[in-house]
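Let's walk through this one together, question by question. Have the structure open while you read.

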Protein chains: 2
Amino acid sequence: MDQAEAPDSVPTRLREGFERIALVLRADLWAACGAIGVNPTQAQVLALLSGQKQGLRAKEIAAQMAVAPPTVADTLAALDRKGLVTRSPDPADARAARVRVTEEGRRIGRLVAQAGSQVRNALAALDPAEQANLLLAQIKIIRTLQEAGAIPVQRMCVSCRHFRPNAHPGAPRPHHCVFLNAAVGDRDLRLDCGEHEAADPAVRSANWTAFETARPPLQAPTTAEPGPT
Amino acid sequence: MDQAEAPDSVPTRLREGFERIALVLRADLWAACGAIGVNPTQAQVLALLSGQKQGLRAKEIAAQMAVAPPTVADTLAALDRKGLVTRSPDPADARAARVRVTEEGRRIGRLVAQAGSQVRNALAALDPAEQANLLLAQIKIIRTLQEAGAIPVQRMCVSCRHFRPNAHPGAPRPHHCVFLNAAVGDRDLRLDCGEHEAADPAVRSANWTAFETARPPLQAPTTAEPGPT
DNA sequence: CCATTTTAAATAGGAGTCCTATTAATATCC
DNA sequence: GGATATTAATAGGACTCCTATTTAAAATGG
């Protein structure tokens, strides 16, 4: 039924590749944090909060980071001690608190985000067509993860109210962003846009269909057969 | 000089995508470890050691995991307590120890590797051509990381003594593995083959050229221009 | 061939991640 | 209005991960 068990299936090997790259990503982050006085997890929370003007609840942070809520509490306590986040009561719910990044926290988040990265260098070395295809693959993967409930809806163009997939068929930038009032090509798509507003599920689903059919199916590289051995 | 600073460049967004997927990967691993009695880091070390019959030195494990040696010492101590690894003196160097996985450790590594994974499911949902292109992209990224010294040489086909890229030009499986004596297609490529033997650098480099030129450059999806805004 | 430098690993010490389980204070819903 | 659910904080424990230091064994070099 499920090919998850096949020891050497393509998805299994792809996952293995992601695991390897993830290790380097983490090492990059440690190097970037270096003398800054935060660690990778703290930097990631700072980056997450920097994009959210109205702050985020602890629970939402946990969902975004895919960890348990008490873990977030630990990290927020560390960031709080360092003066990088503040907590203010949520007017809508007396149990909840909205967490916001401070100016200093934002500055540190920026520093880390702009630091060098071996992975980014490696990605920059891919040719533009490969980059675009990789971005498309990521969008599909992230969307599937969303549909499966593994992560909350991300602020991607394809799930945004402002997005009009394939509004300009055949043009080099076939999509359109109503918010920016600008044509958008596949390479311009965002995985986390600050202006994102979730479209409702029916629209999302229709948009996805239009988006997917916007381009001809990729031509397969060599072989689609089971493989040797 | 370096586009690493561009806040919204394609490589930057791609890295962001990898970060997101990495979070889910970690969560998958926690779920897989569940009642098994190990944690993701331990499972990864077990998986790494399972593929290495002659064991690995602590230092090599650290390099593969992209962490500092004392971190590996911690993890090995935990695995040792649980009886999942053994350390034996290295005959070639009295300072060093070779770490090997025990039968039980191998069993646990297998259990975790075969557990379900949201990321693997999402990868399985991609169509075959996309999977193949993604695998190719990963190979290029990992190779660049190797060239940059960010990670040790991985046991990929493309760096193996047994690999003959494009030995059968135009065939659906254009490459050849001398060890298996079998034709190999792009989808069959391994990122970590137990039979890997490193080719020497000159051969590796020549093989890479042959491998790269084996397929026509990917046709770009829409747009290669800077983008809106 | 012995002194120096380098290297492998273990140790010390400390901050912080991450989990499960529990508790306390709302909120929500019949 | 009281049972149930939800948000977050707390407790407790195992472990990750770092830098710096120590120990011991190799490699180097005069």
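**Contact and sheets**

The contact takes 81 residues from chain A and 83 residues from chain B, where two residues touch if their C-beta atoms, placed from the backbone, lie within 7 Å. This is a predicted model, where local features need pLDDT of at least 70, side-chain atom pairs count only at pLDDT 80 or more, and totals for chains, interfaces and linings use all residues. Residues are numbered from 1 along each chain as its sequence is written, while chains are lettered from A and ligands numbered from 1 in the order in which they are written.

Visitor: Which element gives the largest share of the side of chain A that touches chain B?

Guide: Helices (H or I, at least four residues) and strands (E, at least two) are DSSP runs, numbered from the N terminus. Those giving two or more residues to this side are α1 (10–33), α6 (118–124), α7 (128–147) and β6 (182–184) of chain A. The largest share, 18 residues, comes from α1(A).

Visitor: Which strands stand at the edges of the β1-β3-β2 sheet in chain A?

Guide: This is an open sheet of three strands with antiparallel pairing; strands pair if DSSP finds at least two bridges between them. One side of each edge strand has no neighbour in the sheet, because each has a single partner strand; they are β1 (56–57) and β2 (85–90) of chain A.

Visitor: In β5(A), which residue stands opposite Phe163(A)?

Guide: β4(A) and β5 (residues 175–177) of chain A pair in the antiparallel sense over two bridges. Opposite Phe163(A) in β5(A) stands Cys177(A).
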